[in-house]
Amino acid sequence: MKFNERLKEIRKQSNMTQKDVYTKLNISPNGYASWEQGRTEPNLTYLCKLSLLFGVTTDFMLGLEDEWGNKSVHISNSFNNNTNSNIKVGK
């Protein structure tokens, strides 16, 4: 799932409108909408603020962690014959 799709899903599960979010973050409506539309992504400061607002981890927002806290990272290892390595890290 792409970041913008996850952001929208988390917002809706939190029963918040876009206006609720951009008002609490003190950003412009267009700025927030561009995140949900996938035109831009928030910087680290706003990623942290979003995770606190929604009560989820930044890893979950970035798709690096599932809803139970299990981490799943997919790394492309260009030094190993261009094969993909899947690494799963448990809590």
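Two residues are taken to be in contact when heavy atoms lie within 4.5 Å of each other. In this sense, the buried residues of helix α3 pack against three other helices of this predicted model: α1 (3–13), α2 (18–25) and α4 (44–54). Helix α3 is a good place to begin a tour of the chain, and the paragraphs below return to it after a brief look at the whole.

The chain has 5 helices and 2 strands, arranged along the sequence in the pattern α-α-α-α-α-β-β. Of its 91 residues, 27% count as buried. The accessible surface comes to about 6,400 Å², and carbon and sulfur atoms account for 49% of that surface. Among the contacts with a separation of 6 or more, 36% link residues that are 24 or more positions apart.

Confidence in the model varies along the chain. The mean pLDDT is 83, and 76% of the residues reach 70 or more. Among the elements, α2 has the highest mean pLDDT, at 98, while strand β2 (residues 83–89) has the lowest, at 49. The pLDDT is below 50 over residues 75–85, a stretch that has 9 contacts in the model beyond near neighbours in sequence. Where pLDDT is low, the predicted coordinates should not be read in detail.

Back to helix α3, then, which spans residues 29–36. Its buried residues are Tyr32, Ala33, Ser34, Trp35 and Glu36. How do its neighbours α1 and α2 approach it, and through which residues? The axes of α1 and α3 come within 7 Å and cross at roughly 115°. Since angles of 65 to 115 degrees count as roughly perpendicular, α1 is therefore placed roughly perpendicular to α3. On the α1 side, the contact is made by Asn4, Leu7, Lys8 and Arg11, and on the α3 side by Tyr32, Trp35 and Glu36.

The pairing with α2 has its own geometry. Here the axes come within 9 Å, with a crossing angle of roughly 120°, so α2 and α3 are oblique to each other. The crossing in which α2 passes α3 is right-handed. Gln18, Val21, Tyr22 and Leu25 supply the α2 side of this contact, and they meet Pro29, Tyr32, Ala33, Trp35 and Glu36 in α3. Tyr32, Trp35 and Glu36 thus appear in the contact with α1 and also in the contact with α2.

The chain just beyond α3 also deserves a look. Gln37 lies in the loop between α3 and α4 and is partly exposed, with a relative accessible area of 48%. In sequence, Gln37 and Asn4 are 33 residues apart, yet their C-alpha atoms are 6.2 Å apart in space. Asn4 is one of the α1 residues that make the contact with α3. Gly38, which follows α3, has a positive phi, near 80°.

Further along the chain, Asn70 sits in the loop between α5 (58–61) and β1 (71–77). Asn70 is partly exposed, with a relative accessible area of 37%. The C-alpha atoms of Asn70 and Phe60 are separated by 9.4 Å, and these two residues are 10 positions apart along the chain.

Technical notes. Residues are numbered from 1 along each chain as its sequence is written. This is a predicted model: local features need pLDDT of at least 70, side-chain atom pairs count only at pLDDT 80 or more; totals for chains, interfaces and linings use all residues. Side-chain values use heavy atoms; hydrogens and water are left out. Buried means under 20% relative accessible area, exposed over 50%, partly exposed in between (1.4 Å probe, protein chains only). Helices (H or I, at least four residues) and strands (E, at least two) are DSSP runs, numbered from the N terminus. Accessible areas come from the Shrake-Rupley method with a 1.4 Å probe; for residues, only the protein chains shown count as cover. pLDDT is the predictor's confidence in each residue, from 0 to 100. Axes are lines fitted to C-alpha atoms, for helices over the stretch in contact, and angles run from 0 to 180 degrees between N-to-C directions. Angles under 35 degrees count as roughly parallel, over 145 as roughly antiparallel, 65 to 115 as roughly perpendicular and the rest as oblique. A crossing is left-handed if the near helix is turned anticlockwise from the far one by less than a right angle, and right-handed if clockwise.
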